[in-house]
Amino acid sequence: MSTTAAVLGAAAARESLGRLGGFDEIVVFEPSVNELERLMTELADPRLDYLLGALPVLPLPDASVDLLIGADPSDPEVARVLRPGGRVLPAP
């Protein structure tokens, strides 16, 4: 089974990418178009998917994320996208 991490925010993505070596896919959410475009030129990693967006709605399937960085674990949307046994970490 592939493993997926989701990171909320460009700053958190920059800080945490080096610690996500064990993940097959990393989805980065950023609400700013300019910041997202800048991030896409900075981080060259084939595992990265960039999406314009943020909480309160994450456009991901239910139970599809193993690790979510930069969110509140009590948020219902976070609980929805986490796989059983998934983890939530604060932004670095």
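1. Start at strand 5, where Leu-82 stands opposite Val-65. The coordinates belong to a predicted model, and the points below should be read with that in mind. Further along the same pairing, Leu-67 has Arg-87 of strand 5 as its bridge partner. Strand 4 and strand 5 run parallel and are joined by 4 bridges.

2. On its other pairing, strand 4 meets strand 1 in the parallel sense, over 3 bridges. One pair to check on screen is Ala-6, whose bridge partner in strand 4 is Leu-68. Strand 4 is mostly covered, with 5 of its 5 residues buried.

3. The sheet as a whole is open, and its 5 strands are ordered 3-2-1-4-5 with parallel pairing. Strand 3 and strand 5 (82-89) are the edge strands; each has a single partner strand, so one side of each has no neighbour in the sheet. From one strand to the next the twist averages 20°.

4. For the overall layout, the protein chain contains 3 helices and 5 strands, and along the sequence these follow the pattern β-α-β-α-β-β-α-β. Helix 2 lies across strand 2 (25-30) and strand 3, and it runs at about 170° to strand 3.

5. The dimensions raise no query. A compact globule of 92 residues would have a radius of gyration near 12 Å, and the protein chain agrees because its own value is 12 Å. The C-alpha trace spans about 35 × 25 × 20 Å along its principal axes. Of the 92 residues in the protein chain, 45% are buried. Among contacts with a separation of 6 or more, 33% are between residues 24 or more positions apart.

6. Which residues does Thr-4 touch, not counting those up to four places away in sequence? They are Phe-23, Glu-25, Val-27, Ser-64, Val-65, Asp-66, Leu-67 and Arg-83. Thr-4 is found in strand 1 (residues 4-8). Its relative accessibility is 7%, so Thr-4 counts as buried, the limit being under 20%.

7. Asp-66, one of the residues touched by Thr-4, is found in strand 4. Its side chain is joined to that of Arg-83 by a polar contact of 2.6 Å. With neighbours within four places in sequence left aside, the contacts of Asp-66 are Ser-2, Thr-3, Thr-4, Phe-23, Leu-82, Arg-83, Gly-86 and Arg-87. Arg-83 therefore deserves a look from both sides, as it is on the contact list of Thr-4 and on that of Asp-66.

8. The structure holds 8 salt bridges. Side chains of opposite charge can pair when their charged atoms come close. One of the salt bridges is between Asp-45 and Arg-47, with the closest N and O atoms 2.8 Å apart. Are these two residues buried or exposed? Asp-45 is buried, at a relative accessible area of 17%, and Arg-47 also counts as buried, at 19% relative accessibility. Both values fall under the 20% limit.

9. Arg-80 and Asp-62 form another salt bridge, their closest N and O atoms being 2.6 Å apart. Arg-80 lies in helix 3 (residues 76-81), while Asp-62 is in the loop between strand 3 (48-52) and strand 4 (65-69), so this pair ties together parts 18 residues apart in sequence. Arg-80 counts as partly exposed, at 26% relative accessibility, whereas Asp-62 is exposed, with a relative accessible area of 53%.

10. Within helix 2 (residues 33-42), Glu-42 and Arg-38 are 4 residues apart, about one turn of the helix. Their side chains meet in a salt bridge, at 3.1 Å from N to O. Both ends are partly exposed: Glu-42 has a relative accessible area of 39%, and Arg-38 has 45%. This pair should be viewed together with its surroundings, as Arg-14, Glu-35, Arg-38 and Glu-42 are linked in a network of salt bridges.

Terms used:
Residues numbered from 1 in each chain as written. Predicted model: local features only at pLDDT ≥ 70, side-chain atom pairs only at ≥ 80, totals over all residues. Heavy atoms only, no water. Salt bridge = Lys/Arg side-chain N within 4 Å of Asp/Glu carboxyl O. Helix = DSSP H or I, 4+ residues; strand = E, 2+ residues; numbered from the N terminus. Buried < 20%, exposed > 50% of the residue type's maximum accessible area, 1.4 Å probe, protein only. Polar contact = N/O pair within 3.5 Å; in protein donor to acceptor, adjacent residues only side chain to side chain. Contact = heavy atoms within 4.5 Å. Pairing = 2+ DSSP bridges. Axes fitted to C-alpha atoms, helices over the stretch in contact; angles between N-to-C directions. Rg over C-alpha atoms; globule rule 2.2 N^0.38 Å.
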